[in-house]
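Could you walk me through this structure in my viewer, one selection at a time? I am new to this, so please tell me what to click on and what I will find there.

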Amino acid sequence: MSPTKSDNSVPISQLLEFYERMLLVREAENRLSKLFADGEVPGFIHLSVGQEAVCVGVTSALETRDTLASNHRGHGHALSKGVELNSFFLEVMGKEEGICGGRGGSMHVADMSVGMLGANGIVGAGIPLAVGSALAHQVQENGAIAVAFFGDGALAEGVLHESFNLAALWKLPILFVCENNGWSEFSPTGRQFNANVRELAGVFGIPSAFVDGDDVLAVNEAASELVTAIRAGEGPYVLECVTHRVRGHFEGDPQKYRAESEINSLPDHDPITKLETIISKRRIPKKEVVAIRGTIEARINAAVEAGRGGNAPDFSRAKADVYTAVEEV
Ligand SMILES: Cc1ncc(C[n+]2csc(CCOP(=O)(O)OP(=O)(O)O)c2C)c(N)n1
Ligand SMILES: [Mg+2]
């Protein structure tokens, strides 16, 4: 992997676009946190606050035709892949008008029209879905690639090892993105996996790269390079992004297992603050940043109102979209 481009070589329009895209994820999740605390979101939610540079950096290197499979911490993956904001809020708030009819909620947001194959509550389970999607792209020769997002908690899952094997064996067009935030629920990574993801990839002959997952420019540069190689037919790659989970494992988690010093150091890693520093060094007028903040806030206010205005799913339709009629033979 070549060294990261200097901040000065990234066009201002691109910096502002990254900023807007990360802010959308951050503010959507901050609002969901409040809605959850107020009882307006059913089920559990897992926020990716602090990890926005990974989803935005990677998806900015993708096209709509590319597909993405996510995990339980998937709001950023969904929004940055292009799931429409109002439909997203309607879904997470459990409403019939949501993108999955309000039946999926936070951990099952999916939208095939933008290549979002779905969030997933089972650790590791999105990975083989992305492998299957990559196989479909290969068979159809459609030029698209698949991306699997997973956390360090998926590293010890057998399904990841099987997925690496098949992807390498069949030279599938897939990028495996490990969001390594050092925690798997309440356990540090080292307590449940005795290697690291790049060593594991190497065993299967899959090349890998490693980036600071709190630096959107570094993530995007690395992802763009790997996506180009994968699209050119080189087969799978692994991208490990080291990042930081700011909130608890789930909303409401008191995080007693985490050292105070670690919690206190989290603001130093904030990817949005880091980008703001770069933006201010480039002398971009502050009013441009303020305008972006205003636009995001207005969009989120509208999405929350849309979510509140939606209807609860009709229980009589609970089995809809689960079974399909089979023709008699
Ligand atoms: C197969 C399976 N085992 C255990 C769980 C319980 N569980 C939910 S999230 C999680 C930790 C996931 O950690 P990681 O993949 O690193 O993602 P992060 O929460 O750090 O984003 C666990 C063990 C589960 N959902 N599925
Ligand atoms: Mg983790």
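Start by selecting ligand 1 and the residues around it. This shell has four nonpolar, seven polar and four charged residues. In total, 15 residues surround ligand 1, and the closest are Arg 73, Val 123, Gly 151, Gly 153 and Ser 184. Keep in mind as you click that you are looking at a predicted model.

**Next stop: the sheet**

Now show the strands as a cartoon. In which order do the six strands of the open sheet lie? Reading across, you meet β2-β1-β3-β4-β8-β7, and the pairing is parallel. Strands of a sheet pair through backbone hydrogen bonds, either parallel or antiparallel. Look at the two edges: β2 (116–118) and β7 (208–212) stand there with a single partner strand each, so one side of each has no neighbour in the sheet. Turn the view and you can follow the twist, which averages 20° from one strand to the next.

Zoom in on β3, residues 146–151, and β4, residues 174–180. These two strands run parallel and are joined by six bridges. For a landmark, select Phe 149, which stands opposite Val 177 in β4.

**Across the sheet: helix α5**

Add residues 126–140, which form helix α5. This helix lies across β1 (67–69), β2, β3 and β4. Compared with β3, α5 runs at about 170°.

**Helix pairs**

Two packed helices are described by the angle between their axes and the distance between the axes. Try this with three pairs.

Select α1 (residues 12–37) together with α11 (residues 286–309). Their axes are 10 Å apart and the helices pack at an angle of about 40°. Angles that are neither under 35 degrees, nor over 145, nor from 65 to 115 count as oblique, and α1 and α11 are therefore oblique to each other. The crossing of α1 past α11 is right-handed. Show the side chains where they touch: from α1, the contact includes Leu 16, Tyr 19 and Arg 31, and from α11 it includes Glu 288, Ile 292 and Val 304. Which classes of residue make up this contact? Between α1 and α11 there are nine nonpolar, no polar and six charged residues.

Keep α11 on screen and add α4, residues 85–92. Here the axes lie 8 Å apart and the angle is about 45°, which makes α4 oblique to α11. Is the crossing left-handed or right-handed? α4 passes α11 in a right-handed crossing. On the α4 side, pick Leu 85, Asn 86, Phe 89 and Leu 90; they meet residues of α11 including Arg 299, Ala 302 and Gly 307. Sorted by class, the contact of α4 with α11 has seven nonpolar, two polar and one charged residues.

For the last pair, return to α1 and add α2, residues 52–59. The axes of α1 and α2 come within 9 Å and cross at roughly 130°, so α1 is oblique to α2. Here, too, the crossing of α1 past α2 is right-handed. Click on Phe 18, Arg 21, Met 22, Val 25 and Arg 26 of α1, then on Glu 52, Ala 53, Cys 55 and Val 56 of α2, to show the contact. The residues in this contact of α1 with α2 divide into six nonpolar, no polar and three charged.

Definitions and conventions. Residues numbered from 1 in each chain as written. Chains lettered and ligands numbered in written order. Predicted model: local features only at pLDDT ≥ 70, side-chain atom pairs only at ≥ 80, totals over all residues. Pairing = 2+ DSSP bridges. Helix = DSSP H or I, 4+ residues; strand = E, 2+ residues; numbered from the N terminus. Axes fitted to C-alpha atoms, helices over the stretch in contact; angles between N-to-C directions. Contact = placed C-beta atoms within 7 Å. Left-handed = near helix turned anticlockwise from the far one by under 90°. Nonpolar A, V, L, I, M, F, W, Y, C, P; charged D, E, K, R; others polar. Near = placed C-beta within 6 Å.
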